[in-house]
Amino acid sequence: MARTKQAEPRAKETGVRYVLRPMVSADIPQVMDIERESFPSMWPQTAYSRELKNRLARYFVLVEEGEEGEAGVEPKSLRTRLRKAMRRLLRAEEESPPTRRLIVGLVGVWLMVDQAHVVTIAVREAFRRQGAGGLLLLAATEVAFAENMESVTLEYRRDNEPASALYEKFGLLSVGVRLRYYTDTNEDAVIMTTPPLKSKSYREKYERLKREHLETWGDSYLLPDSF
Ligand SMILES: CC(C)(COP(=O)(O)OP(=O)(O)OC[C@H]1O[C@@H](n2cnc3c(N)ncnc32)[C@H](O)[C@@H]1OP(=O)(O)O)[C@@H](O)C(=O)NCCC(=O)NCCS
């Protein structure tokens with residue numbers, strides 16, 4: 001039987017690794033592309049330049065490993081690299097050129113009093129079903145632990161089966177519905193939350209889920225040492 005495009009373990013087969021790191025303004029053009037592809041009816045799009053200044057928000061991207069600006073290019077002479085480094089130093093952040101390495105996914109978390117609310121999570125279509133979504137959700141949960149939050153919460157469109165399956169797999173529980181919450185399509189929102197993060201039973205479950213996920217996909221992704 002022919003395998004579908006989405007079922008191919010591309011990251012594992014190619015050996016390309018993807019690094020999870022905080023989002024920066026140079027990532028915004030690619031992030032907007034992923035958002036457009038993932039949420040076609042969403043309007044207006046998220047104002048990421050404003051979000052990146054929000055003290056209570058944490059955004060991460062999953063980006064192809066490698067030195068930025070050198071994607072697919074042979075190392076240049078020391079003189080050229082020094083000149084480029086000088087140019088980079090002199091340039092203001094707003095003027096930094098867009099990220100060239102491929103960004104395959106993003107996640108955003110708002111720290112709301114004692115809850116880490118996942119405001120966005122999306123993976124480039126061609127890279128789905130390769131563990132990236134799970135990794136991004138683990139990242140959101142790691143942020144919640146690091147920030148001493150009580151739980152992780154989120155909502156999704158009732159018909160969004162991949163999202164629902166992802167969240168259930170990672171131990172979130174459905175706690176309610178907001179009727180016709182999404183004004184663009186009138187769809188209901190399902191609200192989900194983790195059990196208390198500090199409970200021993202959830203912590204153990206989370207550690208097991210994380211271990212299993214990293215055993216399956218960990219070779220393809222690099223996580224930061226701390227969140
Ligand atoms: C939801 C989304 C982020 C999942 O990303 P992903 O990289 O495909 O997820 P993973 O490969 O890590 O999958 C983890 C688990 O989620 C579930 N899952 C993900 N996609 C699924 C699908 N299409 N059908 C059924 N289950 C799915 C499975 O349980 C899967 O585990 P498994 O591969 O062991 O069966 C991705 O489909 C996406 O970006 N969708 C568009 C944006 C979106 O809807 N975001 C959520 C908004 S609330």
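In this predicted model, Leu137 is buried, its relative accessible area being 2%, and because residues count as buried when that area is under 20%, the assignment follows directly from the value. Leu137 belongs to helix H5, and, when its neighbours within four places in sequence are set aside, the residues in contact with Leu137 are Ile121, Leu154, Leu166, Tyr167, Phe170 and Leu172. One of these contacts, Ile121, lies 16 residues away from Leu137 along the chain, yet the C-alpha atoms of the two residues are separated by 7.7 Å.

The sheet may be described next. Eight strands form an open sheet with mixed pairing, in which the order is E6-E7-E5-E4-E3-E2-E1-E8. The edges are occupied by strand E6 (173-182) and strand E8 (221-222), and because each of these has a single partner strand, one side of each is left without a neighbour in the sheet. Helix H5, which comprises residues 132-146, packs on this sheet and touches strand E1 (18-22), E2, E3, E4, strand E5 (151-157) and E8, while its direction makes about 160° with that of E4. Helix H2 (residues 28-38), for its part, lies across E2, E3 and strand E4 (115-123), and runs at about 90° to E3.

Strand E3 can be followed through its pairings with E2 and E4. Strand E2 (residues 57-64) and strand E3 (residues 103-112) run antiparallel and are joined by seven bridges; Val63 stands opposite Ile103 of E3, and Ala57 stands opposite Trp110 of E3. The pairing of E3 with E4 is likewise antiparallel and extends over eight bridges, with Val123 in E4 serving as the bridge partner of Gly105. E3 and E4 form a hairpin in which two residues lie between the strands, and Val113, in the turn, has a positive phi of about 55°. Eight of the 10 residues of E3 are buried, so this strand is largely enclosed by the rest of the structure.

The surroundings of the ligand complete the description. There are 21 residues around the ligand, of which Val123, Arg129, Gly133, Gly134 and Asn160 come nearest. Polar backbone atoms lie 2.9 Å from a ligand oxygen atom in the case of Gly131 and 2.7 Å from a ligand oxygen atom in the case of Gly134, whereas for Lys169 an N or O atom of the side chain is 2.9 Å from an oxygen atom of the ligand. Taken alone, the ligand exposes 900 Å², and the protein buries 79% of that area.

How values were computed. Residues are numbered from 1 along each chain as its sequence is written. This is a predicted model: local features need pLDDT of at least 70, side-chain atom pairs count only at pLDDT 80 or more; totals for chains, interfaces and linings use all residues. Side-chain values use heavy atoms; hydrogens and water are left out. Two strands pair if DSSP finds at least two bridges between them. Helices (H or I, at least four residues) and strands (E, at least two) are DSSP runs, numbered from the N terminus. Contact means heavy atoms within 4.5 Å. Axes are lines fitted to C-alpha atoms, for helices over the stretch in contact, and angles run from 0 to 180 degrees between N-to-C directions. Buried means under 20% relative accessible area, exposed over 50%, partly exposed in between (1.4 Å probe, protein chains only). A residue is near a molecule or strand if one of its heavy atoms lies within 4 Å of it. A polar contact is a pair of N or O atoms within 3.5 Å; within protein, one must be able to donate a hydrogen and the other to accept it, and residues adjacent in sequence count only if both atoms are side-chain atoms. Accessible areas come from the Shrake-Rupley method with a 1.4 Å probe; for residues, only the protein chains shown count as cover.
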